[in-house]
Amino acid sequence: MSVLPGSIVVSDWHRFPDSKEFFSRILHKKRRRKFGLLEAPTMPPHMNVDTIRYKVFISGKTGVGKSALAARLAGLDFPKMHYETTGIETTVMFWPVKLKDSDRVLFFRFEFWDCGESAMRRFDHMLPSCKEHVDAMIFLFSFTDRGSFEDLSNQISRITGSSDRVVKLVVGTKFDLFMHTDVTESDVTRFKEVWGLPVFRVGGDVSAGLGEVAPLLNALAENLWYQDCIAASSMSIATAGLAQTDTEIIV
């Protein structure tokens with residue numbers, strides 16, 4: 001079950017004046033900074049901001065744009081010509097958000113993992129490596145490839161278990177090629193009704209603007225934050241229950 005967009009974080013905070021100092025940490029000359037696995041934004045002493053780390057697995061059939069989506073979200077360039085990822089690729093990016101209830105600012109560190117479909121079939125360890133300690137999964141389909149949409153249900157069932165505590169989002173790529181679409185809005189609506197998952201749409205060339213990636217990144221952030229808050233609350237209740245039980249035994 002996903003949370004309502006904008007119910008936890010300020011959805012358009014990147015447009016507000018008080019966000020500029022924070023977003024400047026992920027920008028360089030009005031373009032997004034590229035971060036390696038061990039790199040992070042440099043923070044001045046007066047900016048006391050917590051950074052929360054999450055691993056996100058991007059899943060989908062060959063050609064739907066898994067690597068391109070990771071590059072788009074991180075603000076990086078990607079090749080115009082398609083090539084299948086030969087193994088596992090990781091992309092690191094940072095995204096600041098402001099919580100609505102407390103005005104607290106958090107930096108989310110997303111580490112996106114994607115793996116080529118052929119490599120995943122050939123090597124048994126690929127999928128378990130991508131799923132290990134994963135916090136969220138993004139399932140992709142292309143609006144120009146009906147087969148990739150029809151495979152969504154199989155993907156979700158095969159990769160996630162009923163007990164998996166992971167955030168799940170769906171992204172439809174190549175939405176701008178509406179003249180060649182093989183997936184209708186009715187198809188998407190029926191899928192959302194059955195699975196109860198939000199579906200985002202991306203397409204077109206990547207620009208330097210933050211507005212085009214903000215909806216998906218904010219949704220990822222607030223669903224992950226909500227999941228952690230629920231887990232922390234459950235743990236507190238369980239701990240209190242154990243403490244009460246111990247007291248009764250002592251008495």
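Which residues have the most contacts inside the largest nonpolar core? Keep that in mind for a minute, and remember as we go that this is a predicted model.

Let's start with the sheet. Six strands make it up, and the sheet is open, with the order β4-β5-β3-β6-β7-β8 and mixed pairing. At the edges you'll find β4, residues 88-98, and β8, residues 199-201; each has a single partner strand, so one side of each has no neighbour in the sheet. Going from one strand to the next, the twist averages 30°. If you're new to this, strands of a sheet pair through backbone hydrogen bonds, either parallel or antiparallel.

Now zoom in on one pair. Strand β6, residues 136-142, and strand β7, residues 167-173, run in the parallel sense and pair over seven bridges. In that pair, Met-137 stands opposite Lys-168 of β7. Helix α6, residues 152-159, packs on the sheet and touches β3, β6 and β7. The direction of α6 makes about 160° with that of β6.

There's another helix to look at, α2, residues 66-74. Helix α2 lies across β3, β4, β5, β6 and β7, and runs at about 35° to β4. Is α2 largely enclosed or left open? Seven of its nine residues are buried, so α2 is largely enclosed by the rest of the structure. The buried ones include Leu-69, Arg-72 and Leu-73. Right after the helix comes Gly-75, with a positive phi near 75°.

Okay, back to my opening question. The largest nonpolar core has 49 residues, and the ones with the most contacts inside it are Leu-69, Trp-95, Phe-108, Phe-110, Phe-112, Ile-138 and Leu-220. Several elements chip in: α1, β3, α2, β4, β5, β6, β7 and α8 each give at least two residues to this core. The largest share, eight residues, comes from α8.

Take Leu-69, on our helix α2. Leaving out neighbours within four places in sequence, Leu-69 is in contact with Ile-58, Ile-138, Leu-140, Val-171, Val-202 and Leu-216. Apart from the largest core lies another one, of 24 residues, among them Cys-115, Val-134, Val-170 and Phe-191.

Last stop: the empty space. The count is two cavities of 30 Å³ or more, and the largest holds about 40 Å³ of space. Its lining includes Val-10, Trp-13, His-14, Phe-23, Trp-95 and Asn-218. Which strand gives the largest share of that lining? That's β4, with four residues. And Trp-95, from the lining, is also among the residues with the most contacts in the largest core.

Note on methods: Residues are numbered from 1 along each chain as its sequence is written. This is a predicted model: local features need pLDDT of at least 70, side-chain atom pairs count only at pLDDT 80 or more; totals for chains, interfaces and linings use all residues. Side-chain values use heavy atoms; hydrogens and water are left out. Two strands pair if DSSP finds at least two bridges between them. Axes are lines fitted to C-alpha atoms, for helices over the stretch in contact, and angles run from 0 to 180 degrees between N-to-C directions. Contact means heavy atoms within 4.5 Å. Buried means under 20% relative accessible area, exposed over 50%, partly exposed in between (1.4 Å probe, protein chains only). A nonpolar core is a set of buried Ala, Val, Leu, Ile, Met, Phe, Trp, Tyr and Cys residues joined through side-chain atoms within 4.5 Å. On a 1 Å grid over the protein atoms alone, a cavity is a set of points where a 1.4 Å probe fits but cannot get out, and a pocket is an open set with protein on both sides within 12 Å along at least five of seven lines; lining residues have an atom within 4 Å of a point. Grid points are joined across faces, edges and corners, and a volume is the space filled by probe spheres set on the points.
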